[in-house]
Amino acid sequence: RGSEPFLRSKVSLLPPFFFSNPFFFSKCPPRAQPKMTGPGASAPTASRAARNQYLAALAASGPMFVDGAQLTTLAGLIQSVSGKEISHTIKGLWMGSMYMGVILSMLVSGVVADRYGRRKPLVASLGLTLVASVLCALVEDVKTELYVMMGLRALLGFCLGMGIPAAYTLVLESAETVSSRAVMVTVADFLFSVGQMWGAVGIVILNPYLESVGLGQRALIGLWPVLPTAAFFAFAALGVPESPLWLQAQGLVPNPRHPPQDPWSVLWAPAMRMTVLAVTCLVFAASFLDFGFSYAIPDLLRHVEGETGQKPGLQLVIISALGLVGSGLQLLLVTRVNIGHRESMSALGMGLAGLVSLMFGIERYPYVAVAAAYFVQLVANTLRGLMHIYSLEVFPTVCRATGMSMGSFAGRFAAMSVPIIFEMLSHYEVTLTPMIAPIHYAVYQSFFVVMLAFCLGASLVARYLPFETKFTPLNDDASEVTPLVGCRA
């Protein structure tokens, strides 16, 4: 079919039915003829595929939106419980229960998406997440039902995590061109930031000062993410097609160049082992930074409320809006030709280190620290988004969801450890003795020391990643995976 325009230009006297009859252009019968997209497709097919990629990017981004909304809502919900009701350690475990559910789901979600396709786990995940969200909102009595609440949050995290690898891989594999795939993943990350914004707006409406509230108001906060979850579930069930690359990898669509392969043999090929380890470490660091600041900044803003005179809930909305700006920065970085993904992530890590250093002066300069907190959330969100793109592009199609779920497992483990570490540090005061004079550090400043170490570590690991994937074709065969792929060796 790709030769049709050429033949039309050379043989213009042939009857029109000649070009519409698949017998003359394919050895396959009409029902077995695969749909072609890309440069070789006809104009209507290419136009339809171009529309489908945007539809898939929006509809399949439901788990990312719900993820951002649930995390921000839960962080605000925990702040609405007074310290007299539950301890700081229990608060950390409450927040970590959702991450634990996502972690457990990452052990199987990637394998399920590579075995059964991208669409089925995506739709099932959104449907189960909708049910679990309603159950979590109806059980908010921390005094009598604390362990039930933690169990339901873990169930919510498990249901949500089952669809995240499938969603990201479906978005990437639905892209029409090499240059548009990173843009499509950026759209998905943008939906995560929109979800955070949605959760922050709900907190501003229902609990702007992040103070202790009653059970009824907590239930309303818990129900806030339910409506968009239902909308994305309906959208995904009705409008998301299956990934064409996955169909080819499974042999459901003929692809003689790449016959079906075993996912684990491709994932553990000698050329991929170091990449798996490096991606896992970098996702851990990037997620610790992004989710760490998302959890710690609301408490920090409440601490400096008297100094700045602003509502903590309003400041949380501003930070969530800057996450949207971070998606714009991510889009700028993925579309520039003269800088690769590795250089971008390394530079963002160093920039985060500089911004975190400014936050150490929060005692004397609260305005500077709050401004730095705004930009820290922006840069951390961009770093995690670029890491998502890299982890998707670096693995072959047959094991892409499994490889990403391994990195996401490490990332969610880092996210789960953030509230526990932060709440444990709230009981201690760390004193560091520099070369000039001893300086007393409060809880958030000691937490910044940990974050600074992760910033520098992420910058170093990103700079020495073995692959560069920007503007390169996706690898579908382990024999094609070499350390010299990409726009820069």
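This passage describes the overall make-up of the protein, one covered helix and the contacts of its aromatic rings.

The model is predicted. The protein contains 20 helices and two strands. Of its 489 residues, 54% count as buried. The accessible surface comes to about 20,500 Å². Carbon and sulfur atoms hold 69% of that surface. Contacts reach far along the chain. Among those with a separation of 6 or more, 81% join residues 24 or more positions apart.

Helix α8 spans residues 164-173 and is mostly covered. Ten of its ten residues are buried. Among them are the aromatic residue Y168 and the terminal pair I164 and E173. The buried set also includes P165, A166, A167 and T169. L170, V171 and L172 are buried too.

The aromatic side chains supply several links. Five aromatic pairs were counted in the model. One of them joins F65 and F232. Their ring centres lie 5.2 Å apart, with 40 degrees between the planes. The pair is tilted, because its angle falls neither under 30 degrees nor over 60. F65 belongs to helix α4 (residues 62-79), and F232 belongs to helix α11 (residues 226-239). The pair therefore ties together parts that are 167 residues apart in sequence. Both partners fall below the 20% cut-off for burial. F65 has a relative accessibility of 7% and counts as buried. F232 counts as buried at 13%.

A second tilted pair is formed by F284 and F454. Here the ring centres are 5.9 Å apart, and the planes again meet at 40 degrees. F284 lies in helix α14 (residues 273-303). F454 lies in helix α20 (residues 443-463). This pair thus connects parts that are 170 residues apart in sequence. Its members are partly exposed. The relative accessible area is 24% for F284 and 22% for F454. Both values lie above the 20% limit, so neither residue counts as buried. F284 and F454 also belong to a cluster. Ring pairs link them there with F288 and F413.

Arginine side chains also lie over aromatic faces. R115 sits over the face of Y116, at 5.1 Å from the ring centre. R384 takes up such a position over F192. Its distance from that ring centre is 4.2 Å.

Definitions and conventions:
Residues are numbered from 1 along each chain as its sequence is written. This is a predicted model: local features need pLDDT of at least 70, side-chain atom pairs count only at pLDDT 80 or more; totals for chains, interfaces and linings use all residues. Side-chain values use heavy atoms; hydrogens and water are left out. Rings of Phe, Tyr and Trp (its six-membered ring) pair if their centres lie within 6.5 Å; planes under 30 degrees apart count as stacked, over 60 as edge-to-face and the rest as tilted. Helices (H or I, at least four residues) and strands (E, at least two) are DSSP runs, numbered from the N terminus. Buried means under 20% relative accessible area, exposed over 50%, partly exposed in between (1.4 Å probe, protein chains only). A charge sits over a ring if NZ of Lys or CZ of Arg is within 6 Å of the ring centre and within 35 degrees of the ring normal. Contact means heavy atoms within 4.5 Å. Accessible areas come from the Shrake-Rupley method with a 1.4 Å probe; for residues, only the protein chains shown count as cover.
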